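Please open the model in your viewer and keep the selection panel handy. We will walk through it stop by stop, with a note at each on what to select.

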Amino acid sequence: MNIVVSNVKGGVGKTTTAVYLAAAAAARGHDPVWLIDADRQASSAEWLEERPVEGVELVEAPSERTVARSMERHGGVGVVDTPPGDERIVRAAIERADAVVIPTRAGGVEFTRVVATIAMIPRATPHGVVVCAARLGTKDLDETIAWWTGQDVPVWGIVPERVGIASGPDARLHPEGLDIYRSVFKKATRKRS
Ligand SMILES: Nc1ncnc2c1ncn2[C@@H]1O[C@H](COP(=O)(O)OP(=O)(O)OP(=O)(O)O)[C@@H](O)[C@H]1O
Ligand SMILES: [Mg+2]
């Protein structure tokens with residue numbers, strides 16, 4: 001199965017979410033787990049090269065063709081990190097997704113970009129938002145959660161702002177972050193009747 005991590009907006013937490021989700025999948029015993037980097041910037045590829053994650057294999061697939069092929073050919077779990085700007089690659093990935101995880105930030109200006117991302121997702125494909133670098137207890141966060149709930153888009157996770165998560169490959173994966181992404185992974189892969 002393939003989980004695609006996507007938001008057409010840049011800098012929201014896609015790469016961080018993809019790396020943590022892949023680690024969470026491996027920690028849950030999935031084998032093999034592929035982190036498929038469809039972003040030419042290769043941020044998740046660089047992350048894994050700098051700091052490998054046990055049980056996670058890297059595939060670089062920065063084109064429509066390579067991402068499609070990588071998603072179709074592996075057995076196991078694929079987590080796809082997508083670029084912010086390239087809508088064709090994003091579409092190629094989303095079309096083949098079993099679930100789409102949409103990282104976002106709290107705050108009103110973020111909604112339209114998420115809506116644009118959701119518009120690309122086939123109706124039957126499960127999708128949910130993850131609020132990244134969240135400031136717990138703020139009005140912005142509460143309003144964001146209420147807004148998505150009102151839109152019938154589930155909030156699969158709220159990841160607090162943490163220095164240990166912001167350090168990316170410079171630090172080992174943050175235990176609290178891993179716990180939260182483990183629960184996001186569970187929600188994204190839950191069997192639906
Ligand atoms: N929970 C968190 N706490 C603190 N910082 C975070 C958290 N999640 C993400 N960040 C930081 O936010 C920034 C953007 O994250 P990331 O690179 O994952 O976003 P992206 O959507 O992949 O960006 P791009 O569109 O450039 O690919 C990074 O500096 C990252 O460390
Ligand atoms: Mg990225």
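Below is a tour that goes from the whole chain to single residues.

**Before you select anything**

This is a predicted model, in which local features need pLDDT of at least 70 and side-chain atom pairs count only at pLDDT 80 or more, while totals for chains, interfaces and linings use all residues. Residues are numbered from 1 along each chain as its sequence is written, and chains are lettered from A and ligands numbered from 1 in the order in which they are written.

**Stop 1: the whole chain**

Start with the C-alpha trace of the protein chain, which spans about 40 × 35 × 35 Å along its principal axes. The radius of gyration, taken over C-alpha atoms, is compared here with a globule rule of 2.2 Å times the number of residues to the power 0.38. The protein chain has 15 Å, which agrees with the value near 16 Å for a compact globule of 193 residues.

Switch to a cartoon and you will find eight helices and seven strands. Both come from DSSP runs numbered from the N terminus: helices are H or I with at least four residues, and strands are E with at least two.

Next, colour by burial. A residue is buried if 20 or more other C-beta atoms lie within 10 Å of its own, exposed if 12 or fewer, and partly exposed in between, with C-beta atoms placed from the backbone. Buried residues make up 42% of the 193 residues in the protein chain. For contacts, the rule is that two C-beta atoms, placed from the backbone, lie within 7 Å. Of the contacts with a separation of 6 or more, 75% are between residues 24 or more positions apart.

**Stop 2: ligand 1**

Select ligand 1 and its shell, where a residue is near if its C-beta atom, placed from the backbone, lies within 6 Å. The shell has 19 residues, and Gly10, Lys14, Thr15, Thr16 and Ala166 come nearest. Two or more residues each are given by α1 (14–27), β6 (127–134) and α7 (163–166).

Which element gives the largest share of the shell? That is α1, with three residues.

Colouring by residue type splits the shell into seven nonpolar, eight polar and four charged residues. Here Ala, Val, Leu, Ile, Met, Phe, Trp, Tyr, Cys and Pro count as nonpolar, Asp, Glu, Lys and Arg as charged, and the others, Gly among them, as polar.

**Stop 3: helix α1**

Stay with α1 and select the helix from end to end. Its 14 residues reach 20 Å from first C-alpha to last, close to the 20 Å expected at 1.5 Å a residue; the expected span is 1.5 Å times one less than the number of residues. Is α1 mostly covered or mostly open? It is mostly covered, with 13 of its 14 residues buried.

Step past the end of the helix to Gly29, whose phi is positive, near 100 degrees. Further on, a cis peptide bond joins Asp31 and Pro32, with omega about 0 degrees. Pro32 lies in the loop between α1 and β2 (33–37).

**Stop 4: the largest nonpolar core**

A nonpolar core is a set of buried Ala, Val, Leu, Ile, Met, Phe, Trp, Tyr and Cys residues joined through C-beta atoms within 7 Å. The largest one has 55 residues, and Leu21, Ala22, Val79, Ala93 and Val101 touch the most other members. The most to this core comes from α1, with nine residues.

Pick Val79 and show its contacts: beyond four places in sequence, they include Ile3, Val5, Ala18, Leu21, Ala22 and Leu35.

**Stop 5: Val53 and Leu173**

Select Val53 in the loop between α2 (43–50) and β3 (56–60). Val53 counts as buried because 21 C-beta neighbours lie inside 10 Å. Leaving aside neighbours within four places in sequence, Val53 is in contact with Val19, Ala22, Ala23, Ala26, Leu48 and Leu173.

Follow that last contact to Leu173, in the loop between α7 and α8 (175–189). Leu173 is buried too, with 20 other C-beta atoms within 10 Å. Among the residues it touches are Tyr20, Ala23 and Val53.

**Stop 6: two positive phi angles**

Ala133, in strand β6, has a positive phi of about 50 degrees although it is not a glycine. Ala133 counts as partly exposed, with 16 C-beta neighbours inside 10 Å.

Finish at Asp152, in the loop between α6 and β7 (155–160). Its phi is near 65 degrees, again positive in a residue other than glycine. Is Asp152 buried or exposed? It counts as exposed, since 6 C-beta neighbours lie inside 10 Å.
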